[in-house]
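Please follow the pairing of the strands below, and then the packing of the side chains around them.

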Amino acid sequence: MTRATMIRLGTAALAASMTLGLAISPARAHAFLDHANPAVGSTIPTAPPAITLWFTQDLEPAFSAVTVTNQAGQRVDLGNAQVPQGHPDELQVGLKALAPGTYAVSWHVVSVDTHPTEGTFTFQVGGE
Amino acid sequence: MNRHLWGAAAMTAVILLSATSNALAHGFAGQRFFPATLLTDDPFVADEMSLPTFTRPPSGADGSYEYDLDIDLAKRLTPDLGLTLGYGWANVHSPGMPAISGFGPLSTGVQYQLFVNAAHEAIGLANLSVTWAHTGRVEALGAPDFTTLSPGFDFGKGFGDLPGSLPFLRPFAVTGNLGFDFPTKTESAGVPNSNNFNYGFAFEYSLPYLQCCVRDFGLRRPFSQLIPLVEVAFTTPINRITPGVTTTGTVQPGIIWSGQYFQIGAEAIIPVNHASGRGLGGLVQLHFYLDDLFPHGFGRPVSEWLQ
């Protein structure tokens with residue numbers, strides 16, 4: 001076989017790859033955290049009334065949750081985590097009034113194709 | 001129960017079964033995502049496929065050079081047990097000789113996920129690979145006329161559990177392979193076939209981890225999906241050593257872009273000594289996540305196909 005054969009083989013492999021790529025279903029994969037408000041690792045002057053997380057895929061609301069705890073490990077969210085109507089890639093939870101300090105956000109979600117993912121991050125309120 | 005309730009119940013069952021699997025496909029340990037590395041083996045069972053991997057290794061000492069085109073497939077039988085298959089085609093150019101092309105040896109493997117520790121982002125896998133005799137072009141290309149058994153241990157460790165005082169070290173991760181080659185024939189054409197010790201590591205800095213779990217620097221896709229890495233791999237003969245044969249290996253700095261359904265990786269290949277080649281080489285790879293492409297069919301473990 002020659003280099004031309006190799007090019008043909010490579011082209012065939014890429015064509016097969018493209019076919020595979022086109023076979024994918026939309027919006028079905030692991031859900032990764034894209035960004036959040038308050039932002040991951042950020043310091044904000046005052047706490048917002050809720051924290052919102054945006055994911056790379058749509059979520060299964062019944063199997064997706066987020067909690068927020070203070071440095072003593074106490075829950076400071078309102079326990080009302082939800083995927084807002086019409087925003088299937090978002091997860092929100094209300095917050096109690098937060099004193100200055102560092103807060104940990106823990107989330108676990110299941111994407112619409114049933115893949116579970118999880119994560120944690122912190123944000124800081126005030127200039128502690 | 002009406003049709004909608006049956007549908008909801010079925011969906012709930014599927015989700016519960018999926019969510020309780022220990023191995024999540026892909027390379028997850030807690031919030032750590034390990035991408036499929038290009039040189040070293042991955043420490044996780046998976047439903048993934050590299051198609052293709054194109055390699056231009058460093059030139060040989062005699063000035064010969066080659067181009068390689070490879071395909072690799074990994075398929076889970078159960079959430080913790082998987083099979084692998086690899087095959088490649090090479091186009092070799094030697095000085096003063098016509099170019100030679102053909103297939104290299106077929107390799108297959110079985111893997112078992114030993115542990116996944118989410119809290120410490122640690123993961124371990126035992127594997128046995130077999131490179132089969134006479135499955136490539138033996139005489140012209142030098143494909144082996146003997147079968148080689150290669151047991152090994154693959155591991156991964158993310159550093160997300162470092163103290164909060166070291167935030168920017170938390171995106172680091174390392175994966176590694178430790179293994180041996182045991183040829184089933186002690187010599188071929190008068191040349192001894194040595195047993196070998198193989199060891200390799202991949203050092204990664206995950207921008208996805210930095211963004212999701214440490215600090216959001218405002219990077220957005222596609223830049224937030226980049227994982228720079230350096231891979232190294234070595235082979236040391238441990239018996240039946242041909243005089244002059246020494247440890248060979250390469251150092252491969254590169255980058256992986258990891259998307260939702262596939263990743264693209266590219267690395268330079270730097271030989272560690274003259275026995276490992278001369279000059280620079282390179283490789284590029286397109287790698288598919290079959291579990292994300294086909295989440296309700298081929299991308300699931302075989303044991304879950306009938307559930």
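Strand 1 and strand 3 of chain A pair in the antiparallel sense, over four bridges; strands pair if DSSP finds at least two bridges between them, and strands here are DSSP E runs of at least two residues, numbered from the N terminus, as helices are H or I runs of at least four. Within this pairing, Asn37(A) has Thr52(A) of strand 3 as its bridge partner. This is a predicted model, in which local features need pLDDT of at least 70 and side-chain atom pairs count only at pLDDT 80 or more, while totals for chains, interfaces and linings use all residues. Residues are numbered from 1 along each chain as its sequence is written, and chains are lettered from A in the order in which they are written.

Strand 3 of chain A is also joined to strand 5 of chain A, by five bridges and again antiparallel, with Leu53(A) opposite Leu91(A). The result is an open sheet of three strands in the order 1-3-5. Strands 1 and 5 of chain A are at the edges with a single partner strand each, so one side of each has no neighbour in the sheet.

The side chains of strand 3 of chain A alternate: Ile51(A), Leu53(A) and Phe55(A) point to one face and are buried, whereas Ala50(A), Thr52(A) and Trp54(A) point to the other and are not. Buried means that 20 or more other C-beta atoms, placed from the backbone, lie within 10 Å of the residue's own.

Leu91(A) touches Leu53(A), Phe55(A) and Val66(A), among others, not counting residues up to four places away in sequence; contact means C-beta atoms, placed from the backbone, within 7 Å.

Terms used: Contact = placed C-beta atoms within 7 Å. Buried ≥ 20, exposed ≤ 12 C-beta atoms within 10 Å, placed from the backbone.
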